[in-house]
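Colleague: Please show the structure, so that its sheet and its helix packing may be discussed.

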Amino acid sequence: MPTKNQQISDLVTLNEELENYFANTIIPQLFVDSELILRKFTPPAMKQFSLKADFIGRSILDVHENFRFPTIIENIKTVIATGKILEKEIQTTDMHWFQMNILPYINRKDNKTNGVIITFVDVTARIKDLREQEKLVAEHELLLDSIAHDIKNPILALSLSLSAMKLDVNKKAERLPKLIDAMERSLNNIKNVVDDLVRGHWDKQRSDYAEELIDLGNIIEDVRLSISSLIHESGAIIETDLKATEITFVRRKLRSILYNLVSNAIKYTPKDRKPHVKIQAEKRGKYMLLKVSDNGIGLTEEAKNIIFEKFKRVKTGVEGSGVGLYLVHTIVSNAGGKIEIENNAEVGSVFKIFLKN
């Protein structure tokens, strides 16, 4: 049986080994006993959480604010009470992310939890990488949805032009030059959409999606040309009232917002009524406010709650896939903007798009 002196010597040796371990580890680490007294911490913990030597022997309750993580006390108490390891990712108030592991420190003699060892591994870089990957995946999904949606109308216009040409084969074909122009515009629109896909996939810098100073009038005219067949077939009137014309935004995304709102306004106007779409723009604090008003079917309160969901549609008798307004909402939200919807006094709806500028 070891003598008392031998036991003291063994204890000193163990203590020296523990001190040596804590002094040389590169991971922020703490030892808190079962009474919540801070017994030891590593130099990286001292640096990371601004701990001082005189904190040793003090209650963790007195210094828990240094850890900038509000539930650390509750987590320590849970591990002491249950004897089970706790692992979780935490974000401190200085916006750093850590993988925190709280392990029970068990006294083998009586198999009792005597405290906890807490380790903190900085995973801020990994979390940022994951966030960037998630953002990139979301951007690609949005791009593909946008392309799938935007390419349909040029194809439809091309199909209508070809059908009209067939009808004119046995006639004088007076409309032939106009039909050829319409087909050419549709083909160019399809080409532009495909070019956007190729650039978006291969251009690692994504320069094609950089913000730039844009003239709103030019975007509106581009949208008019893109849906010229739809405007012609429906006899739609598009009115503009632009008190503000310049905005810093991604050109393709701004075009997509107006394209979807205007084309929807025309499509969802009853056949017994000529579509009348009004586009307004003005400065509103830190926002550019775009208003797209129509004289269409209007929206019920129930419809307002679902129209921005993917594949949800308020009327199935109209050509479409339920993606357009989802794209508008996603683009606006990702840009830090917001959307409000109102019903017109008599008929139709007003979409208010607030874009940071």
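Colleague: In what order do the five strands of the open sheet lie?

Modeller: This is a predicted model. Its open sheet has five strands with antiparallel pairing. Neighbouring strands of this sheet are turned by 20° against each other on average, direction ignored. The order of the strands is S2-S1-S5-S4-S3.

Colleague: Which are the edge strands?

Modeller: An edge strand pairs on one side only. In the order S2-S1-S5-S4-S3, this applies to S2 (38-41) and S3 (86-91).

Colleague: Which residue of S5 does Phe31 stand opposite?

Modeller: Strand S1 covers residues 29-33, and strand S5 covers residues 112-122. The two pair in the antiparallel sense over five bridges. In S5, the residue opposite Phe31 is Ile117.

Colleague: At about what angle to S5 does helix H4 run?

Modeller: Helix H4, residues 72-82, lies across S1, S3, S4 (97-107) and S5. Relative to S5, H4 runs at about 135°.

Colleague: Is H8 parallel or oblique to H10?

Modeller: Two packed helices are described by the angle between their axes and the distance between the axes. Helix H8 (residues 216-226) and helix H10 (residues 251-267) have axes 9 Å apart and pack at an angle of about 55°. This angle therefore makes H8, with respect to H10, oblique.

Colleague: How many residues of the contact of H8 with H10 are nonpolar?

Modeller: H8 contributes residues including Leu216, Ile219 and Val223, while H10 contributes, among them, Leu254, Leu258 and Val262. One residue of the contact is polar and three are charged. The number of nonpolar residues is eight.

Definitions and conventions. Residues numbered from 1 in each chain as written. Predicted model: local features only at pLDDT ≥ 70, side-chain atom pairs only at ≥ 80, totals over all residues. Heavy atoms only, no water. Axes fitted to C-alpha atoms, helices over the stretch in contact; angles between N-to-C directions. Helix = DSSP H or I, 4+ residues; strand = E, 2+ residues; numbered from the N terminus. Parallel < 35°, antiparallel > 145°, perpendicular 65-115°, else oblique. Contact = heavy atoms within 4.5 Å. Nonpolar A, V, L, I, M, F, W, Y, C, P; charged D, E, K, R; others polar. Pairing = 2+ DSSP bridges.
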